[in-house]
Amino acid sequence: MSTMRLPKFLAHAGAASRRNCEDLIAQGRVAIDGRIIREPGTQVAPDQRVTLDGRLLRIPSEHRYLVLHKPVSVMTTMHDPEGRRTVASLLPEKMGRIVPVGRLDYDTAGVLLLTDDGDLAHRLTHPRFGVEKTYRVVVRGRLAPAEIRALLEGVVIDGRSSSAKIRIVASSRETSEVEVSVHEGRNRLVRRMFDAIAHPVLTLTRVRFGPLSLGALPVGGTREPTPRELSALRAVARLQTTPSDREEEEE
């Protein structure tokens, strides 16, 4: 390991996302060689000991990745101070420390990636990389052509225009089932887009995150991503594909 900034070290060690790692540092929960550190710009050398709440952290030699079909009424966190169920309760035993990549709302289901690969997680959630996310949405009422056009061209939310790719799956007078793809990661974006055209969301499921597809994975189920999927994730994040990825793809 070369010298790196403390938030990056924590993210690589699977403590949290890089953004949340800065909060851990500010809270005085992180120490280097026994000394509490509150400055996120602190560099960590290879021979130093980093602890979080007294627990020694190490960067794993091999990262872990897991795909989860998150149910509704589950928090996309590893712990909830209000005692609500979290995705941690759905992980296999002895999985080790992994954290969600981004988040799905409490009342949204669908595909979610968890990992201890801090670099990949940071890039997949950074707006600069614009990872596409596809949702299957059931909304109230039938969408008119002008409303579909508004979604395609962009509706204004909090002073910013947000657009989506739209495909109508089924439609009746009471409800419409729609496939929606967006590149932004704003909070409750899809729900707010449909609220803006007066068609509130009834159910929302993320069926694709970048190259990861929900497929036939049952609600609450988990699986490991395939080597091809990992290679595609790294390509989306503009990270170099590892030799082992290429070898497994060629087999």
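1. Accessible areas are taken here from the Shrake-Rupley method with a 1.4 Å probe. On that basis the chain, which is a predicted model, has an accessible surface of about 13,200 Å², and carbon and sulfur atoms account for 47% of that surface. Of its 251 residues, 43% count as buried, where buried means under 20% relative accessible area.

2. As to overall dimensions, the radius of gyration of the chain is 20 Å, which agrees with the value near 18 Å that a compact globule would have with 251 residues. Taken along the principal axes, the box filled by the C-alpha atoms is roughly 65 × 45 × 30 Å.

3. The secondary structure of the chain comprises seven helices and 17 strands. When contacts between residues at least 6 apart in sequence are considered, 63% of them join residues at least 24 apart.

4. On the distribution of charge, the chain carries 39 positive and 32 negative charges, and the mean positions of these two sets lie 3 Å apart.

5. Helix H5, which spans residues 189-196, deserves a separate point: its buried residues are Leu 189, Val 190, Arg 191, Met 193 and Phe 194, so that a positive residue, Arg 191, stands in this list. The cover over the buried residues of H5 includes helix H4 (145-153) together with several strands, among them S10 (133-140), S11 (155-157) and S12 (160-162). Strands S14 (175-182) and S15 (201-209) also belong to that cover.

6. Regarding the backbone after this helix, H5 is followed by Ala 198, and the phi of Ala 198 is positive, near 65°.

Key:
Residues are numbered from 1 along each chain as its sequence is written. This is a predicted model: local features need pLDDT of at least 70, side-chain atom pairs count only at pLDDT 80 or more; totals for chains, interfaces and linings use all residues. Side-chain values use heavy atoms; hydrogens and water are left out. Helices (H or I, at least four residues) and strands (E, at least two) are DSSP runs, numbered from the N terminus. The radius of gyration is taken over C-alpha atoms; the globule rule is 2.2 Å times the number of residues to the power 0.38. Buried means under 20% relative accessible area, exposed over 50%, partly exposed in between (1.4 Å probe, protein chains only). Contact means heavy atoms within 4.5 Å. The place of a charge is taken as NZ of Lys, CZ of Arg, CG of Asp or CD of Glu.
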